[in-house]
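Subject: Structure handover

Dear colleague,

Here is the structure for your files. My notes on it follow below.

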Amino acid sequence: MTEPTTPRAAGYREPVLRVATFVLAVLLLPVAALRAPRRARHVACQWALGLRFPGETLAGLSPETRAAFTRARTVGFWRDGQLIGLTSGHRDSGEQLRLYAAEVRRTGSDEAARRRVLPPEESAHVRGTALDVRPREGARWLEQHGAQYGLHRTYDNEWWHFEYFPADAGPPPRRAHPGTVASPRPARAAR
């Protein structure tokens, strides 16, 4: 029989996993240097985070979104010691429709469901440009630094949800929740 996890023991879990992931990345650097000499830190980081967050998949993300996310989390990892994992990225339209229909059933209305989930034709997840990240500290780091990579938190009610917007598009409007209609962006001043 195992001992129940105490709040004190649970508080040690994340710091221990953070240190273990960092040590693993350092140990993987020589192998990564053989595989990708100019990108060893990037490769070692992705390998270590892939082991720390084994359920994540970057498949289906647009190439720009994937590149921005892996660049951002590599910098966050090596420079600031932040672990940023992906809980959900690309979803096919069938999966998005199932999530949306389940939320409509749960909340009882289309309007209420849209506060948490959008239908497939409106979802950035289906387009491969949305990321749901973890843990909260990693999301906080991404909120502070993500704009440098084109990654922006787009909803007030979802600390974990970020979307990729190319630099020339400018920052997106921040909305209260997914069902909020976005205001048009102000026109840029001519230079």
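A residue is called buried here when its relative accessible area is under 20%, exposed when that area is over 50%, and partly exposed in between. R52 has 16% relative accessibility and therefore counts as buried. Please keep in mind that this is a predicted model.

Overall make-up

The protein has 7 helices and 4 strands. Along the sequence they follow the pattern α-α-α-β-α-α-α-β-α-β-β. Of the 191 residues, 42% are buried. Taking the contacts between residues at least 6 apart in sequence, 56% join residues that are at least 24 apart.

The sheet

The 4 strands form an open sheet in the order β1-β2-β4-β3, with antiparallel pairing. The edges are held by β1 (85-88) and β3 (151-153); each has a single partner strand, so one side of each has no neighbour in the sheet. On average, and with direction ignored, neighbouring strands are turned by 45° against each other.

As general background, strands of a sheet pair through backbone hydrogen bonds, in either a parallel or an antiparallel manner. In this model β1 and β2 (residues 130-134) run antiparallel and are joined by 3 bridges. Within that pairing, L86 has V133 of β2 as its bridge partner.

Just beyond β2 there is a backbone feature to look at: the peptide bond from R134 to P135 is cis, with omega near -20°. P135 itself belongs to the loop between β2 and α7.

Helix α3 and its surroundings

Helix α3 lies across β1, β2, β3 and β4 (161-164), and runs at about 140° to β1.

How do the axes of α3 and α7 cross? Helix α3 (residues 63-80) and helix α7 (residues 136-145) have axes that come within 11 Å and cross at roughly 110°. Angles of 65 to 115 degrees count as roughly perpendicular, and α3 and α7 are therefore roughly perpendicular to each other. On the α3 side the contact is made by A72, V75, G76, R79 and D80, and on the α7 side by W141, L142 and H145. Sorted by class, this contact has 4 nonpolar, 2 polar and 2 charged residues.

A67 also lies in α3. With a relative accessible area of 29%, A67 is partly exposed. The C-alpha atoms of A67 and Y149 are separated by 8.9 Å, although the two residues are 82 residues apart along the chain.

Salt bridges

In general, side chains of opposite charge can pair when their charged atoms come close. There are 11 salt bridges in the structure, and three of them are described here.

E14 pairs with R52, and the closest N and O atoms are 3.0 Å apart. E14 is in helix α1 (residues 7-35) and R52 is in helix α2 (residues 40-52), so this salt bridge ties together parts that are 38 residues apart in sequence. E14 is partly exposed at 30% relative accessibility, while R52 is the buried residue mentioned at the start, at 16%.

R73 forms a salt bridge with E56, with 2.7 Å between the closest N and O atoms. R73 is in helix α3 and E56 in the loop between α2 and α3, 17 residues apart, and the pair links distant parts of the chain. Are these two residues buried or exposed? R73 is buried, with a relative accessible area of 2%, and E56 is buried as well, at 16%.

The side chains of R174 and E143 meet in a salt bridge at 3.3 Å, N to O. This pair also links distant parts of the chain, since R174 is in the segment after β4 and E143 is in helix α7, 31 residues apart. R174 is partly exposed at 40% relative accessibility, and E143 is partly exposed with a relative accessible area of 35%. Both residues belong to a network of salt bridges that links E143, R153, D156 and R174.

Regards

Note on methods
Residues numbered from 1 in each chain as written. Predicted model: local features only at pLDDT ≥ 70, side-chain atom pairs only at ≥ 80, totals over all residues. Heavy atoms only, no water. Axes fitted to C-alpha atoms, helices over the stretch in contact; angles between N-to-C directions. Helix = DSSP H or I, 4+ residues; strand = E, 2+ residues; numbered from the N terminus. Parallel < 35°, antiparallel > 145°, perpendicular 65-115°, else oblique. Contact = heavy atoms within 4.5 Å. Nonpolar A, V, L, I, M, F, W, Y, C, P; charged D, E, K, R; others polar. Buried < 20%, exposed > 50% of the residue type's maximum accessible area, 1.4 Å probe, protein only. Pairing = 2+ DSSP bridges. Salt bridge = Lys/Arg side-chain N within 4 Å of Asp/Glu carboxyl O.
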